[in-house]
Amino acid sequence: KIWFQSLGCPRNHVDSEVMLGIASVGSNDSSRSSSTTRTLPFDIVPTALSEEADYLVVNTCGFLQSARDESTETLQYCLNEKKPGSKV
């Protein structure tokens, strides 16, 4: 399972949706068979709960100090709340 947190401008939200779409296309789904599709060794399933995610992705920018502070706080949250073995 994968959890995304988008911080900052609307462009970051769009970028997160694109990343999730790319990851989903690469997951093991027998209904999408194509010789040009790279399959990952696991399925990508989005989750709304960071605590159950295997991968936690924070998409942000560092343009403003307030954005950097928010990013630091969010990453610290992820590190504290992730399940054992999850990747941030």
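Tutor: A salt bridge here is a side-chain nitrogen of Lys or Arg within 4 Å of a carboxyl oxygen of Asp or Glu. We apply that rule to a predicted model.

Student: Which elements does the chain have, and in what order do they run from the N terminus on?

Tutor: The chain, of 88 residues, has two helices and two strands. Strand E1 covers residues 2–6 and strand E2 residues 55–59, while helix H1 takes in residues 10–25 and helix H2 residues 65–81. Read from the N terminus on, the order of these elements is β-α-β-α.

Student: By this rule, how many salt bridges does the count come to?

Tutor: In general terms, side chains of opposite charge can pair when their charged atoms come close. Applied to this model, the rule brings the count of salt bridges to three.

Student: With which residue does Asp54 form a salt bridge?

Tutor: Asp54 sits in the loop between H1 and E2, and its partner lies in the segment after H2, 29 residues apart, which makes this a link between distant parts of the chain. Asp54 counts as partly exposed at 29% relative accessibility, and its partner is likewise partly exposed, with a relative accessible area of 29%. The closest N and O atoms are 2.9 Å apart, and the residue that pairs with Asp54 is Lys83.

Student: How many residues apart in sequence are the parts that the pair of Lys1 and Glu52 ties together?

Tutor: Lys1 and Glu52 form a salt bridge whose closest N and O atoms are 3.3 Å apart. Lys1 lies in the segment before E1, whereas Glu52 belongs to the loop between H1 and E2, so the separation in sequence of the parts they tie together is 51 residues.

Student: Is Glu52 buried or exposed, or does it count as something in between?

Tutor: The cut-offs matter here, because buried means under 20% relative accessible area and exposed means over 50%. Lys1, the salt-bridge partner of Glu52, has a relative accessible area of 38% and is partly exposed. With a relative accessibility of 29%, Glu52 counts as partly exposed.

Student: What separates Asp15 and Arg11 in helix H1?

Tutor: The side chains of Asp15 and Arg11 meet in a salt bridge, at 3.1 Å from N to O. Asp15 is partly exposed at 25% relative accessibility, whereas Arg11 is exposed, with a relative accessible area of 55%. An α-helix has 3.6 residues a turn, so residues three or four places apart point the same way. Because Asp15 and Arg11 are four residues apart in helix H1, what separates them is about one helical turn.

Student: How far does H1 reach from its first C-alpha to its last?

Tutor: Helix H1 has 16 residues, and the span expected at 1.5 Å a residue is 22 Å. The reach in the model is close to that expectation, at 23 Å.

Student: Around the axis of H1, what arc do its buried residues cover?

Tutor: The buried residues of H1 are Asn12, Ser16, Leu20 and Ala23. They lie on the same side of H1, because the arc they cover around the axis is only 80°.

Student: Which exposed residues does the face of H1 turned away from its buried side carry?

Tutor: Strands E1 and E2 are among what covers the buried residues of H1. The face turned away from that buried side carries exposed residues instead, namely Pro10, Arg11, Glu17 and Ile22.

Student: With which side chain does the side chain of Ser6 make a polar contact?

Tutor: Ser6 is found in strand E1 and is buried, with a relative accessible area of 13%. Leaving aside neighbours within four places in sequence, its contacts are Asn12, His13, Ser16 and Asn59. The polar contact is made at 2.4 Å, and the side chain that meets Ser6 is that of Ser16.

Student: How far apart in space, C-alpha to C-alpha, are Leu56 and Gln5?

Tutor: Leu56 lies in strand E2 and counts as buried, at 4% relative accessibility. Beyond residues up to four places away in sequence, Leu56 touches several others, including Trp3, Cys78 and Val88. Leu56 and Gln5 are 51 residues apart in sequence, and in space their C-alpha atoms are separated by 7.9 Å.

Notes. Residues are numbered from 1 along each chain as its sequence is written. This is a predicted model: local features need pLDDT of at least 70, side-chain atom pairs count only at pLDDT 80 or more; totals for chains, interfaces and linings use all residues. Side-chain values use heavy atoms; hydrogens and water are left out. The expected span of a helix is 1.5 Å times one less than its number of residues. Buried means under 20% relative accessible area, exposed over 50%, partly exposed in between (1.4 Å probe, protein chains only). The arc is that of the directions from the helix axis to the C-beta atoms. Contact means heavy atoms within 4.5 Å. A polar contact is a pair of N or O atoms within 3.5 Å; within protein, one must be able to donate a hydrogen and the other to accept it, and residues adjacent in sequence count only if both atoms are side-chain atoms.
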